[in-house]
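Okay, thanks everyone for coming. I'd like to walk you through one model today, so have a look at it while I talk.

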Amino acid sequence: MERENAWKKYPAGKKRQAVMDYAEGYRKFLSECKTERECNDYFVKEALANGFKNLEDVIAGNKKLKAGDKVFLSNYGKGLAMFVIGKEPLEKGMNILGAHIDSPRMDLKQNPLYEDTDMALLDTHYYGGVKKYQWVTIPLALHGVIVKKDGTKVVVNVGDKPEDPVFGVSDLLIHLSADQLDKKGAKVIEGEQLDVLIGSIPLGEKDKKDEKVKEAVKANVLEILKKEYKIEEEDFLSAEIEVVPAGDARDYGFDRSMIMGYGHDDRVCAYPSFWAMVDTKAGDRTYACLLVDKEEIGSVGATGMESRFFENTVAELMNALGQYSELGVRRALANSKALSSDVSAAYDTNFASAFEKKNAAYFGRGLVFNKYTGARGKSGSNDASAEYVGEVRRIMDDAKVSFQTAELGKVDQGGGGTIAYILGNYGMRVIDSGVAVLNMHAPWEIISKVDLYEAYLGYIAFLKKA
Ligand SMILES: [Zn+2]
């Protein structure tokens, strides 16, 4: 049951150009938005520009909503829910697109700054599943916020503009690596070695009135931070600074059929989900899109999928529609259908033995559906029902969307989880779907442009027809 290569639907000329143009918009988004906060801000800005109202204003003004209205609500600036209200009462259920906007990276510790042998460094704690050895010797950027005691927020974004400096984690030279190279891969670089080098000039005695400056290189960095951001060392205590790969996402391959970039997981699903919401006219059922944080560390906390944010937002929405009741909210959630989107492992010819070829995802074969994910006997997986998979197949085939089905690698090779089962807890029908990625969780991941485009078309078909 081999699936056709989706590029064949787009011969060179206008048709192929549409795929390339769509991917170019995504490439720019991916280059600019490297944190969940930056993704949230981009989506909020575009939602407002495309006729979505802020649900916060609706709630504050006790305003009413009606069919055809479009609203969104941001969750602490790290994720959002969007709705396009349909004609049917909400308790009949929604068609929901879900994806996450956090990506693996290194976060600065709360006390990050130190000096050693006339070098200033920032200590980090990695976030999500990473092969630590991949994060050394590459240019890195710092993105995030520092919040001062009075609530002032300082935005940090340095390392991505061509004139910016970059940062990085060093690796041991090959000449002295005899011991290092004997270690297991997971130990070649260890968590506490992921310290980012940020400076090496000592603060001169003339620069400071006190005669002897202790830790002069660190002091010099603090002087620069004070000048540039008006912050003190203590302000790191209330900061969220993410260390991410520096530089733009780029076209990949002679034929420019792919994109290499940081954070495809899972922005390659979040971006087309968002635009499918914007580009689909209101219908009978209500459309919803949920873009969440913290998936990479277990969907925990107020901004992760486990939080009550979505449920509460649906209750607010029903209230503004004059349809609120406790039972109504439960019915709305239980009667919903969802595509829970996350990236799939693309078949890698360099590592063929990790995959089972009949049930692998391939570049160029379209949107991926995983009936189940999980590890070791499907553990932790949302196993979509055969009935629901049948319905999704029909929707995709009717809309001529290229799709494929896959598992995450060979049985007992590993595995992974998504947010699907959490939506499933409400009793709604949900299936894992998404885009295939090569180098998943590496600093630079790769996707196929035509898969991105088919995902966008598939999401539109789902919103309209589920
Ligand atoms: Zn991931």
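I'll go through the open and closed spaces, then the salt bridges, then a surface patch and a few backbone oddities.

One thing before we start: this is a predicted model, so please keep that in mind throughout.

Let's begin with the pocket. The largest pocket comes out at about 1200 Å³. Its lining is made up of 43 residues, and the ones closest to the centre are A345, L408, G415, M440 and H441. If you want to find it by secondary structure, look for β15 (344-345), β19 (415-416) and β20 (429-434), the elements that each give two or more residues to that lining. As for chemistry, the lining splits into 15 nonpolar, 19 polar and nine charged residues.

Now the closed space. How many cavities of 30 Å³ or more does a search of the whole structure find? Just one. The volume of the largest cavity is about 40 Å³. Around it you'll find N75, L290, V292, G304, M305, S307, F309 and F310. Strand β13 (286-292) and helix α7 (309-320) each put at least two residues into that lining. The class count for the cavity lining is five nonpolar and three polar, with no charged residues.

On to the charges. Opposite charges on side chains can pair up when the charged atoms come close. Across the whole structure, the search turns up 28 salt bridges. I picked out a few.

Take K87 and D284, whose side chains meet in a salt bridge at 3.6 Å, N to O. K87 is in the loop between β3 (80-84) and β4 (94-100), while D284 is in the loop between α6 (264-279) and β13, so this pair ties together parts that are 197 residues apart in sequence. How open are the two ends? K87 counts as exposed because its relative accessibility is 65%, and D284 is partly exposed, with a relative accessible area of 45%.

Then there's R331 with E91, another salt bridge, where the closest N and O atoms are 3.7 Å apart. R331 belongs to helix α8 (residues 326-334) and E91 to the loop between β3 and β4, so here the parts tied together are 240 residues apart in sequence. R331 is partly exposed at 39% relative accessible area, and E91 is also partly exposed, at 31%. So the β3-β4 loop holds one partner of the K87 pair and one partner of the R331 pair.

The third one is D107 with R105, with the closest N and O atoms 2.6 Å apart. Is R105 buried or exposed? Buried, because its relative accessibility is 3%. Salt bridges with shared partners also link E36, R105, D107 and E242 into one network, so if you're setting up charges, that's the group I mean when I say "the network".

While we're on buried residues, have a look at H143 in strand β7 (residues 140-147). Its relative accessibility is 1%, so H143 counts as buried. H143 and K34 sit 109 residues apart in sequence, yet their C-alpha atoms are 7.5 Å apart in space.

Over to the surface. L172, L173 and L176 make up a nonpolar patch there, and together they have about 280 Å² of accessible area. L173 is in the loop between β8 (153-158) and α4 (185-188). With a relative accessibility of 41%, L173 counts as partly exposed.

Last, the backbone. As background, most residues other than glycine have a negative phi, and most peptide bonds are trans. Here are three spots to look at with that in mind.

First, D265 and D266 are joined by a cis peptide bond, with omega at about 10 degrees. D266 is in helix α6.

Next, Y76, which isn't a glycine but has a positive phi of about 55 degrees. You'll find Y76 in the loop between β2 (70-74) and β3, and at 66% relative accessible area Y76 is exposed.

And finally N439, again not a glycine, with a positive phi of about 65 degrees. N439 is in the loop between β21 (436-437) and β22 (445-448). Is it as open as Y76 on the category scale? N439 counts as partly exposed, at 35% relative accessibility, whereas Y76 is exposed.

That's my tour, happy to take questions.

Notes. Residues numbered from 1 in each chain as written. Predicted model: local features only at pLDDT ≥ 70, side-chain atom pairs only at ≥ 80, totals over all residues. Heavy atoms only, no water. Patch = residues over 30% accessible without salt bridge, like charges linked within 9 Å, V, L, I, M, F, W, Y side chains within 5 Å. Areas by Shrake-Rupley, 256 points an atom, 1.4 Å probe, with all protein chains shown as cover. Salt bridge = Lys/Arg side-chain N within 4 Å of Asp/Glu carboxyl O. Helix = DSSP H or I, 4+ residues; strand = E, 2+ residues; numbered from the N terminus. Buried < 20%, exposed > 50% of the residue type's maximum accessible area, 1.4 Å probe, protein only. 1 Å grid on protein atoms, 1.4 Å probe; cavity = no way out; pocket = protein on both sides within 12 Å on 5 of 7 lines; lining within 4 Å. Points joined across faces, edges and corners; volume = space filled by probe spheres on them. Nonpolar A, V, L, I, M, F, W, Y, C, P; charged D, E, K, R; others polar.
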